[in-house]
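I opened my notebook to look for empty space in this model and to see what fills it. Here is what I pulled up, in the order I looked.

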Amino acid sequence: MLTLACLSLSGGQGKTTTAVLLGKRLAASGHPVLVIDADPQSNLTTFLGHDVEANAPTLLEVFRGSVALEDAIYPTTSENLFLIPADDGLDAVQDYLASSGVGAMLLRKRLAPAQDSFAIAVVDCPPQRSQICKSVIGASDRILVPCEATVKGYGSLVRTLDAIAELKDMGASEAELLGVIPFRDRWVGMNQSQESRACIEEMRREVGPDRVLPSIRESERYKQAISKGLTLEALGFPDLEYPFQVLEQRLSTLTVTAQS
Ligand SMILES: Nc1ncnc2c1ncn2[C@@H]1O[C@H](COP(=O)(O)OP(=O)(O)OP(=O)(O)O)[C@@H](O)[C@H]1O
Ligand SMILES: [Mg+2]
């Protein structure tokens, strides 16, 4: 199992959108996919239409090791797509991780029993530089950084790269940057907005041109696809699926290696 984090240390950068649409695409291609909601806001859980029942195991219990991992993994309405959900109770894990002394190592250890059951785990992160984020970075093989094609988005990229570098420097992570996805790239007809173009150029300078993936354009269609539980292709907009198509290609060699 390859563990991929969607991480970007500001709100509204497209982490959950990317996790849902990528997870669905990979699952629709026949890969067994585990998506993990590591954000107490629990938008991923909501977007996948999952209701957390009282006392049902979530990522909180997985972190604490108080349930068997398989008891916190739930099927979704999409074939091949499984979820470890969250609710706002996940906030309680911050103190637990801080006091454990091995917080950055813990999620990797807790997910180990699922290694042979899934091709990929896609983890949706909270927007703050928190103990949860550290543990997700520690558990990840690759990190995908969605960031708005704005000055705020560029700032989020810089903070995120800094957080990853800190964990690597401590020897707590071997994660590599899979890529940066510019989010809400604004176009009017054939013209890209000046701000989008300038910010994406800055992103290329920061991480190298090969690491900046095709952008997610500003469009209501992505929200519609998520609210209807469909892929963009199924909604009738195959062109908008392009960023996820490219991501799937980049991941294909990695997931084959991870499964073999
Ligand atoms: N292509 C798009 N164009 C414009 N808005 C979009 C697009 N895709 C998603 N959105 C909206 O942008 C907002 C932010 O997206 P998303 O929730 O994925 O970001 P996030 O990084 O997960 O945010 P948070 O840090 O709060 O968890 C959401 O309201 C979402 O519906
Ligand atoms: Mg989110």
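These entries go from the ligand to the pockets and then to the cavity.

**Entry 1: a word of caution.** I am working with a predicted model, so I keep in mind that my local features need pLDDT of at least 70.

**Entry 2: the ligand and its shell.** I started with ligand 1 and asked which residues are the closest to it. I found 19 residues around ligand 1, and the closest are Q13, K15, T16, T17 and R217. Sorting that shell by class, I got four nonpolar, nine polar and six charged residues.

**Entry 3: polar contacts of the ligand.** Next I looked up distances to the oxygen atoms of ligand 1. A polar backbone atom of Q13 is 2.8 Å from an oxygen atom of the ligand. For T16 I noted 2.8 Å as well, here from an N or O atom in its side chain to an oxygen atom of ligand 1. Q41 also uses its side chain: a polar atom there lies 3.3 Å from an oxygen atom of ligand 1. I then checked the area, and ligand 1 taken alone exposes 640 Å², of which the protein buries 84%.

**Entry 4: where the ligand sits.** Which pocket does ligand 1 take up? My lookup says that its space is the largest pocket. The elements giving two or more residues to the shell around ligand 1 are α1 (15–28), β7 (176–185), β10 (216–217) and α9 (220–228). Of these, α1 gives the most to the shell, with three residues.

**Entry 5: the largest pocket itself.** I put the space in the largest pocket at about 470 Å³. There are 24 lining residues, and the closest to the pocket centre are G12, G14, T17, F47 and F183. I was pleased to meet T17 again, having listed it among the closest residues to ligand 1. At least two lining residues come from each of α1, α2 (43–47), β7, β10 and α9. Which element gives the most to this lining? For the pocket it is α9, with five residues, whereas for the ligand shell it was α1. By class, I count seven nonpolar, ten polar and seven charged residues in the lining of the largest pocket.

**Entry 6: the second largest pocket.** I moved on to the second largest pocket, with a volume of about 160 Å³. Its lining is made of A104, M105, R108, G138, S140, D141, G171, A172, S173, E174 and A175. Helix α5 (residues 103–111) gives the most here, with three residues. The class split is four nonpolar, four polar and three charged.

**Entry 7: the cavity.** How many cavities of 30 Å³ or more does the structure hold? I found one, and the space in the largest cavity is about 40 Å³. I wrote down its lining as L9, R129, C133, K134, I137, A163, E166 and L167. Helices α6 (131–139) and α7 (151–169) each supply at least two of the lining residues. The lining has five nonpolar and three charged residues, with no polar ones.

**Entry 8: my takeaway.** If you open one site first, I would pick the largest pocket, the space that ligand 1 takes.

Technical notes. Residues are numbered from 1 along each chain as its sequence is written. Chains are lettered from A and ligands numbered from 1 in the order in which they are written. This is a predicted model: local features need pLDDT of at least 70, side-chain atom pairs count only at pLDDT 80 or more; totals for chains, interfaces and linings use all residues. Side-chain values use heavy atoms; hydrogens and water are left out. On a 1 Å grid over the protein atoms alone, a cavity is a set of points where a 1.4 Å probe fits but cannot get out, and a pocket is an open set with protein on both sides within 12 Å along at least five of seven lines; lining residues have an atom within 4 Å of a point. Grid points are joined across faces, edges and corners, and a volume is the space filled by probe spheres set on the points. Helices (H or I, at least four residues) and strands (E, at least two) are DSSP runs, numbered from the N terminus. Ala, Val, Leu, Ile, Met, Phe, Trp, Tyr, Cys and Pro count as nonpolar, Asp, Glu, Lys and Arg as charged, and the others, Gly among them, as polar. A residue is near a molecule or strand if one of its heavy atoms lies within 4 Å of it. A polar contact is a pair of N or O atoms within 3.5 Å; within protein, one must be able to donate a hydrogen and the other to accept it, and residues adjacent in sequence count only if both atoms are side-chain atoms. Accessible areas come from the Shrake-Rupley method with a 1.4 Å probe; for residues, only the protein chains shown count as cover. A molecule sits in a cavity or pocket if more than half of its atoms lie within 2 Å of its grid points.
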